[in-house]
Amino acid sequence: MNKVILEHYPASKLPDELREGIALSASVKVTVEEEAKRPLGHKQLLELMRNAQANAAGTSLEEAVARVRALRDEWED
């Protein structure tokens, strides 16, 4: 999580919406912190898993079965 702290920052440099009620000549401490990301929901996780499976490089189930059968057949001879 990212966090930035500015101490002794001139209030006059703050945007109007943050400066409300603070004297322009005041010195302030500004803390900006990135909000934590929400955990993914069930549907989002399933979608990510399906996308990962669809786009994963490697061996398909059919290819794996064919390899195992070929190895098994070698030993039967």
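How many of the 14 residues of helix α2 are buried? The number is zero, so α2 lies largely in the open. The model behind this answer is a predicted one, and the rest of the chain gives the setting for it.

The protein chain contains three helices and two strands. In sequence order these elements follow the pattern β-α-β-α-α. The radius of gyration of the chain is 29 Å, well over the 11 Å that the globule rule gives for 77 residues, so the chain is more spread out than a compact globule. Along the principal axes, the C-alpha atoms fill a box of roughly 90 × 25 × 15 Å. Buried residues, those under 20% relative accessible area, make up 6% of the 77 residues. The chain exposes about 7500 Å², and 54% of that area is supplied by carbon and sulfur atoms. Among contacts with a separation of 6 or more, 40% are between residues 24 or more positions apart.

The strands can be taken next. Strand β1 covers residues 3–10, and strand β2 covers residues 27–33. Val4 belongs to β1 and Val32 to β2. Apart from its neighbours within four places in sequence, Val32 is in contact with Asn2, Lys3 and Val4. Val4 and Val32 also share a nonpolar surface patch with Leu6, and the three residues together have about 240 Å² of accessible area. Val4 has a relative accessible area of 47%, so it is classed as partly exposed.

His8 is another residue of strand β1. Its phi angle is near 60°, a positive value in a residue other than glycine. With a relative accessible area of 67%, His8 is exposed.

Helix α1 spans residues 16–19. Within it, the side chains of Asp16 and Arg19 meet in a salt bridge, with an N to O distance of 2.3 Å. Why are these two residues separated by about one helical turn? Asp16 and Arg19 are separated in this way because they are three residues apart in the helix. Asp16 counts as exposed, at 58% relative accessibility.

Side chains of opposite charge can pair when their charged atoms come close. The count of salt bridges comes to two. Besides the pair in α1, Arg72 forms a salt bridge with Asp73, and the closest N and O atoms are 3.7 Å apart; the cut-off for a salt bridge is 4 Å. Both partners are partly exposed, Arg72 at 45% relative accessibility and Asp73 at 36%.

Helix α2 runs over residues 42–55. From its first C-alpha to its last it reaches 20 Å, close to the 20 Å expected at 1.5 Å a residue. Helix α3 takes in residues 61–76, Arg69 among them. Arg69 has 48% relative accessibility and therefore counts as partly exposed.

Two C-alpha separations add to the picture of a spread-out chain. Arg69 and Asn51 are 18 residues apart along the chain, and their C-alpha atoms are separated by 29 Å. Val32, in strand β2, is 26 residues from Gly58 in sequence and 44 Å from it in space, C-alpha to C-alpha.

Conventions:
Residues numbered from 1 in each chain as written. Predicted model: local features only at pLDDT ≥ 70, side-chain atom pairs only at ≥ 80, totals over all residues. Heavy atoms only, no water. Helix = DSSP H or I, 4+ residues; strand = E, 2+ residues; numbered from the N terminus. Contact = heavy atoms within 4.5 Å. Patch = residues over 30% accessible without salt bridge, like charges linked within 9 Å, V, L, I, M, F, W, Y side chains within 5 Å. Areas by Shrake-Rupley, 256 points an atom, 1.4 Å probe, with all protein chains shown as cover. Buried < 20%, exposed > 50% of the residue type's maximum accessible area, 1.4 Å probe, protein only. Expected span 1.5 Å × (residues − 1). Rg over C-alpha atoms; globule rule 2.2 N^0.38 Å.
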